[in-house]
Amino acid sequence: MTTTIQENGNQLIALFNGRLDTAAAIPTAEAVKPLLDAANCEIVLDCSQLEYISSSGLRIFLSIRKEAAAHGSKVIVRNINADIRQVFMMTGFISLFEIQ
Amino acid sequence: MKQKDSDKPTRLKSGFWIILVAAAVLELTACIQYFCSRAAIQQEAIDRAQTELRLAELEINVHTVAIEEAAQMLAMMAERNLSNPQAMYASTRVLLQTLDNIESAGIAFIPNYYPQYGRWFEVCSSRTDKEGEEAIYTRQIGGPNHDYLNTEWFGNGLTIDSCWWCEPYLDDAGAKTMVVSCTYPVKNPKGEVVAVVCIDLSLDRLSHISNYLQVYQDSYYAIKSSTGLSIVDDPDTIPGRKYLTFDEEIDATGWHISIIIPEDILYADLRKMGLIVTILMLLGLALLVFIVYRAGKDIKVLMTLNSQKERMLGELEIARNIQMAMLPKTFPPYQNRPDLSMYGIILPAKEVGGDLYDFFERDSKLFFCVGDVSGKGVPASLVMATTRSLFRSFSAHEHDIAALTGEINDSISETNDMNMFVTLFIGELDLKTGELHYCNAGHNAPVLIERSNGTVVEMLPTIPNLPIGILSGYSYTPQTATIQRGDTLFLYTDGLTEAENANHEQYGEEKMLEAIRAFETAQTDLKDPTAAKREIEALLDDVQAFVGDAEQSDDLTMLVVKWLPVEGEQTETKQPLRHSIVMRNDIQQIPTLAEWVESLHIPEALNMTMNLALEETVTNVMLYAYPNEKGKVLIEAEKTDEQITFVITDSGVPFDPTAKPDADTSLSAEERPIGGLGIHLVRQIMDKISYRREEGKNILTLIKKL
């Protein structure tokens, strides 16, 4: 599981690659720390390479969402596959994020 | 190592014979060529000489005929003027003036024919080197000093009634050189010979004429009279030198012209050619000797390599025998163990192989393993032997199958300089209960054939883990399954599934399962002790029919374990829960959990959600049941046609996940609490969740209907 963050003007794009399970959640939480401090920008969570997510991963997404709201930033979740979508549906996350 | 001494003389002899034959052939060819050339040259010489001779003869004839006519003409003039001796002077003079090629002409009378002149009267004209009138010197030369009456030519001229060429002589009076004369009689009206006309031909002139008789350098010619006197002289022949001589006779004068050619001049070029050819031949032979010598050396090297190779093959053969001897020889059923039937084979690709299997029975437990060392041949076979001895020695005291695998791994990894690794499957079958504990280290999942409900042929759910020898200290995850009597475990190495035919197609898993299925469905007597062996034979036939003539690319191994039903034997089996896994209290085991769920082969649409539900459950157990300590979590799975059941058991502090309230998904992002998602997901995914606490264990049961 790897996480990379790119800057694109006012956008911060986080690329998730692999399975975001409980074990992978620990390093991923470290990797997304820059996003938690970002103010007044657009945070894109690119899930096109994300195969799987469990509750630990969902927690990370939620914390990004909360921090963004506090700093005036916007969060977009992009390209989730069918499995991820199902999990988002089950947990109600589908309405917590802007899904592209 | 003893060199074969008989090699050297054989080599020398055959090389010697080659050179001898080659030399003989070359020499024979050269000789034939020499003699043919020689004959050709000789024939050429003969032809040339004969042509030249004929030309010379013609040339000489031209002159001699002219002189004969002149002689006759002079005789005729003399006969007309017999009464006038003064006229003789004029006649000879006229003749000389008219005919350039005559040196001197004379008319010699018989004694006292003209009384006024006395006994001798010979009129002669000859050429001088002066000019004009004095170019021809006419005089009477007969006298006591020049007694022509006694000369041969005069004598002949008197008696012979035609032109006669006399033998050469020195004409001291007339031409003062060696001459040869043509005589002709002069007759009086009565027909009596009264005088002899004599016309001289200087021999110098002849030698002048015959210039072109020198056909070869150093060749010469000779003209001899009929009595052998020299007309044109031949230089002295050198004694010992060989000559070719060609003769031609001139009819008119009876002379013999010869061309004499020294043989060494004639064959000079041939000799030179012969010398060159001989030198070339010797060079060629020298080259041949060199080649034969070098070839001999190469042959010697080849023979050494050959004998080394044979020795190595011999030793490999012995190594193979040792290796085969290490395998268990006798297969169950044993006398005291009639409910176990096994058979196994290894077909190495080379003389020695890297596959292994081993088994032994102890305290009603069967320990068995199947393995595959990376690579083939001698290096693989050495690692194979090591692995096998480790299996035997460690399993004597180690009962935990995961620990056993770990110990073997640590041992091999420590001494692994060559980076070889071993895929290994170790199993321990409780022959009383049918409980199978197993641990896989990167090997192919075995096939489990269940006979209690028809014939079900499936791969045993197996977590891959890492192969042995890669990472020292790696923690292996064991698994458990339960089998019934009549069931079969079929273990193999990838030499079976990856066996290639001539088109580089692989035998494959499907064909293997098909063949097993075919055998098992036909095998109705579950107590048959010969079935294990026949099952392996059937598979072997099937794969060999597929592979055909193609060369075997990898070691092929098969091991069959059959737990036979026996009369009256009571099995102490629990209610079967087919598959299980034991996990440690370690978040890093979560990926292993995913692999295990994958290996259960549940319907694909449910794979992710089952995985997720289990992950959430297990994570909660680790967090809450074992907050501070190490512990183990047992996960069991059972699948029927209607549902899948998971039972998660741990021995931690009491923890009931069902007691937690469900998450409120209607809350906004700001309002949502961070926790509570896990249980929520489990509730969403599974159809039934139940918890109980029993004997100090938390037991959570999850059911999903299919």
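This passage walks through a predicted model of two chains, A and B.

The overall scores of the model are an ipTM of 0.92 and a pTM of 0.55. For chain B, the mean pLDDT is 84, and 93% of the residues reach 70 or more. Within chain B, confidence is highest in strand 20 (residues 488-492), at a mean of 96, and lowest in helix 4 (residues 203-209), at 68. One stretch of chain B deserves a careful eye: over residues 571-577 the pLDDT stays under 50, and the model gives this stretch 12 contacts beyond four places in sequence.

Chain A has 100 residues, of which 44% count as buried. Four helices and five strands make up its set of elements. Following the chain along its sequence, the pattern reads β-β-α-α-β-α-β-α-β. A good way to picture such a fold is to ask how far apart in sequence its contacting residues are. In chain A, among contacts with a separation of 6 or more, 70% join residues that are 24 or more positions apart.

Chain B has 706 residues, and buried residues make up 35% of them. Its elements are 14 helices and 26 strands. For chain B, residues 24 or more positions apart account for 68% of the contacts with a separation of 6 or more.

Helix 6 of chain B, covering residues 268-326, is a good element to follow by eye. This helix has 59 residues and reaches 87 Å from its first C-alpha to its last, close to the 87 Å expected at 1.5 Å a residue. Is helix 6 of chain B largely in the open or largely buried? The number of buried residues among its 59 is one, so helix 6 of chain B lies largely in the open. In the loop that runs from helix 6 to strand 12 (340-347) of chain B sits Pro333(B). The peptide bond leading from Pro332(B) to Pro333(B) is cis, with omega near 20 degrees. As background, most peptide bonds are trans, and most residues other than glycine have a negative phi.

Two histidines of chain B can be read with the second part of that background in mind. His504(B) is not a glycine, yet its phi is positive, at about 60 degrees. The place of His504(B) is the loop between helix 9 (494-497) and helix 10 (508-522) of chain B. His504(B) counts as exposed because it has 8 C-beta neighbours inside 10 Å, and the cut-off for exposed is 12 or fewer. His601(B) likewise has a positive phi, near 55 degrees. This residue lies in the loop between helix 12 and helix 13 of chain B. With 12 C-beta neighbours inside 10 Å, His601(B) also counts as exposed.

Ser580(B), in strand 22 (residues 579-584) of chain B, offers a contrasting setting. Why does Ser580(B) count as buried? It has 22 C-beta neighbours inside 10 Å, and a residue is buried if it has 20 or more. Beyond its neighbours within four places in sequence, Ser580(B) is in contact with Gln479(B) and Thr480(B), and also with Leu634(B), Ile635(B), Glu636(B) and Ala637(B). The C-alpha atoms of Ser580(B) and Phe646(B) are separated by 9.2 Å, although the two residues are 66 residues apart along the chain.

Helix 13 and helix 14 of chain B pack at an angle of about 140 degrees, with their axes 9 Å apart. Their crossing is left-handed. On the helix 13 side, the contact is made by Thr609(B), Leu612(B), Ala613(B), Glu616(B), Thr617(B), Thr619(B) and Asn620(B). Helix 14 of chain B contributes Gly678(B), Ile679(B), Leu681(B), Val682(B) and Ile685(B). By class, this contact has six nonpolar, five polar and one charged residues. It helps to remember that an α-helix has 3.6 residues a turn, so residues three or four places apart point the same way.

Finally, the two chains meet. How many residues of chain B are in contact with chain A? There are 20, and they touch 19 residues of chain A. The elements giving two or more residues to the chain B side are helix 12 (590-599), helix 13 (604-625) and helix 14 (677-685) of chain B. By class, that side has nine nonpolar, seven polar and four charged residues. Helix 13 and helix 14 of chain B thus appear twice in this account: they pack against each other, and they are among the elements that touch chain A.

Notes
Residues are numbered from 1 along each chain as its sequence is written. Chains are lettered from A and ligands numbered from 1 in the order in which they are written. This is a predicted model: local features need pLDDT of at least 70, side-chain atom pairs count only at pLDDT 80 or more; totals for chains, interfaces and linings use all residues. Two residues are in contact if their C-beta atoms, placed from the backbone, lie within 7 Å. Ala, Val, Leu, Ile, Met, Phe, Trp, Tyr, Cys and Pro count as nonpolar, Asp, Glu, Lys and Arg as charged, and the others, Gly among them, as polar. Axes are lines fitted to C-alpha atoms, for helices over the stretch in contact, and angles run from 0 to 180 degrees between N-to-C directions. A crossing is left-handed if the near helix is turned anticlockwise from the far one by less than a right angle, and right-handed if clockwise. The expected span of a helix is 1.5 Å times one less than its number of residues. pLDDT is the predictor's confidence in each residue, from 0 to 100.
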